[in-house]
Amino acid sequence: MASFTLQGIPVSRGIAIGRAHLLRPAALDVQHYLVAQEQVEAEVLRLQDAIAQVHRELQAIWADLPQDAPTELGAFLDVHALILSDPMVSEAPLDIIRTRHYNAEWALVSQVDELSAQFDEIEDDYLRERKADIQQVAERVLKVLTGSANAVPRSDGIDERSANMIVVARDISPADMMQFRDDAFSGFVTDEGGQNSHTAIVSRSLGIPAVVGMGNASRLIEQDDWLIIDSDAGVVIVAPTTQVLEQYRERQSQLLRQKKKLSKLKKTPAITQDGVEITLLANIELPEDTAHAMDAGASGVGLFRSEFLFMERSGHEHKLPTEDEQFAAYKAAVTGMKGRPVTIRTLDVGADKPLDASEHQILNPALGLRAIRYCLSEPQLFMTQLRAILRASAFGPVKMLIPMLAHSMEIEQSLTLIAQAKAELSAEGIAFDAAIPVGAMIEIPAAALALPMFVKKLDFLSIGTNDLIQYTLAIDRADHEVAHLYDDLHPAILQLMQMIVSTADKAEIPVSICGGMAGDIRLTRLLIAMGYRELSMPAALLPEIKQAVLNTTLENLQAPLKKILRSFDPLQIREHLAAMEQAG
């Protein structure tokens, strides 16, 4: 196969080298993990047992058919039994388990997707529609497998042949991406998505190289193709030559050496050359991410995206986690940070983070019932979360962050519900921090422009730059077709950012940044020159940002900062930013 290169949007840093693993949309709905060599035959047996059970179920249904039942029903069951016996369904997935070490669910869905694609090529309408029968049979087997899947241990003993896999898909939702936290997955390539879609945010938080918005990569790349992701350049090299592979492996080794060097800064305070301390915090999705935050030397958690506790449960009979389940997760994060503060954002769903598949039908979910709007429309759900967060605050310093506030009534309603949750817990004799700080996420232009309304009623502010840019510039950050217009250096964004920090400083209220700008090393000096003293980012980016802070003299940045804020010419702004880097 001839080598070729694809260009996309880089959303994280680093180099990944591995085999392509194509995932069609249906394949994202099942568990994905690899089994060790010694567990392969047990996994084969698990699938064989599931197929045998479905055979028995079909036979029992056929035997119980009433005598007056339409003959088509019996024929329908016969067809499904024949499909289940076909080697393409009953044997091929077993080979996938043995050769690729996929778990049973993943192997079955991969094979069924392959068959479905072949049926799509058939010209005869009747035959083409028979793919539905194959999918229905597979669903029966998956239901049997799902009942026992959680009891199957995931293995760490992955051999070299199965490791270093690069996921290639049309798109991967944030919830789906959480399945790919296994070390075996070393990169992501998607046809859709933008620089600040939530898929991109999660890939950065995982510290995994990714390129999105590639258009047709999932159609051009074939299963098991060798790939190189250069996520600094936004390039994917398909079927690279030996020489190119060697060059990128050397670059990869250099990056690993540099990463080890930066890790030595873990215990070094982030203080500028002229003695100004900058607090560097970590963004996390799940409680276990606190280990990475601590390892990176984070001073705390600046953003715990609690929605992933809800989205991880997609497909469960009861999707919403209980108060005790949420409390256990929040407590684990708080204790995991060993006395360092944890900022927990209340449920932020909607837009590109739907809690329910039906939300995809909303015409413009980014402007609809999302974040605090959703929580206030579901007060019982919100109260459950507030109680869980408050209970966790008894085990260490916790801050509560409310997303997408824009109206005074939303602030009042939120504070009223928090007070009610506190009263309930007090009446029940349950411990919590009565003085827990409550803050607002500033991510809507209206909130930035009406900031005095916020600083009077709340304890701190945190800027979600991803949404602030999206709403200010009227750009869907998940839409790769307009991704080139998403500009964190747009004059309007810089003016808003300067206005927010100035207003907060006058009101003597803490303000931090937890959006994408905080983890962009190009903007580190600009943000701290503006006056920001708290930056929260994916833990993987923290050492590099810390190094930039340590090499900065704030006094030298004031002249180029004034030029940046006075300019409305994009090219001039970038020239002044480059001068700031030189002056730093």
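Which side chains meet in a salt bridge at 3.0 Å, N to O? I looked this up and found that they are those of arginine 387 and glutamate 424, where a salt bridge is a side-chain nitrogen of Lys or Arg within 4 Å of a carboxyl oxygen of Asp or Glu.

**Entry 1: ground rules.** I noted that this is a predicted model, in which local features need pLDDT of at least 70 and side-chain atom pairs count only at pLDDT 80 or more, while totals for chains, interfaces and linings use all residues. Residues are numbered from 1 along each chain as its sequence is written, and side-chain values use heavy atoms, with hydrogens and water left out.

**Entry 2: salt bridges.** I went back to arginine 387 and glutamate 424, which meet in a salt bridge. The pair links distant parts of the chain, since arginine 387 lies in helix α16 (residues 379–392) and glutamate 424 in helix α17 (residues 408–427), 37 residues apart. Helices (H or I, at least four residues) and strands (E, at least two) are DSSP runs, numbered from the N terminus. Arginine 387 counts as buried because its relative accessibility is 9%, whereas glutamate 424, at 27%, counts as partly exposed; buried means under 20% relative accessible area, exposed over 50%, and partly exposed in between (1.4 Å probe, protein chains only). I also saw that both residues belong to a network of salt bridges that links Glu323, Asp324, Arg387, Arg391, Glu424 and Glu428.

How many salt bridges does a search of the whole structure find? The search gives 26, and I followed two others from there. In one, arginine 345 is joined to glutamate 307, with the closest N and O atoms 2.6 Å apart. This pair links distant parts of the chain, arginine 345 being in strand β11 (residues 342–345) and glutamate 307 in helix α13 (residues 307–311), 38 residues apart. Arginine 345 counts as buried at 3% relative accessibility, and glutamate 307 counts as buried at 0%.

In the other, the side chains of aspartate 487 and arginine 574 meet at 2.9 Å, N to O. Aspartate 487 lies in the loop between α20 (465–473) and α21 (491–506) and arginine 574 in helix α25 (residues 570–583), so this salt bridge ties together parts that are 87 residues apart in sequence. Aspartate 487 is buried, with a relative accessible area of 14%, while arginine 574 counts as partly exposed at 36%.

**Entry 3: the sheet.** I traced an open sheet of eight strands in the order β1-β8-β7-β3-β4-β5-β6-β2, with mixed pairing; two strands pair if DSSP finds at least two bridges between them. The edge strands are β1 and β2 (9–10), each of which pairs on one side only.

At the β1 end, four bridges join strand β1 (residues 4–7) to β8 in the antiparallel sense, and leucine 6 has valine 236 as its bridge partner. Strand β7 (residues 226–230) also pairs with β8 over four bridges, again antiparallel, and here aspartate 230 is the partner of valine 235. Between β7 and β8 there is a hairpin with four residues in between, and glycine 234 in its turn has a positive phi of about 75 degrees.

Which residues of β8 (residues 235–238) point one way, and which the other? Val235 and Ile237 point one way, Val236 and Val238 the other, and all are buried. I recalled that in a regular strand the side chains alternate between the two faces of the sheet.

Further along, I checked strand β5 (residues 185–190), where six of the six residues are buried, so the strand is largely enclosed by the rest of the structure. Strand β4 (residues 165–169) pairs with β5 in the parallel sense over five bridges, with valine 168 standing opposite valine 189. On to β6 (residues 210–212), two bridges join this strand to β5, and the two run parallel; valine 189 has valine 211 as its partner there. Strand β2 is joined to β6 by two bridges and runs antiparallel to it, and the partner of proline 10 is valine 211.

**Entry 4: helix α1.** Last, I compared the span of helix α1 (residues 40–63) with expectation: at 1.5 Å a residue, its 24 residues should span 34 Å, and the end C-alpha atoms are 35 Å apart, which agrees. The expected span is 1.5 Å times one less than the number of residues. Among the buried residues of α1 I listed Val40, Val44, Leu47, Ile51, Val54 and Leu58.
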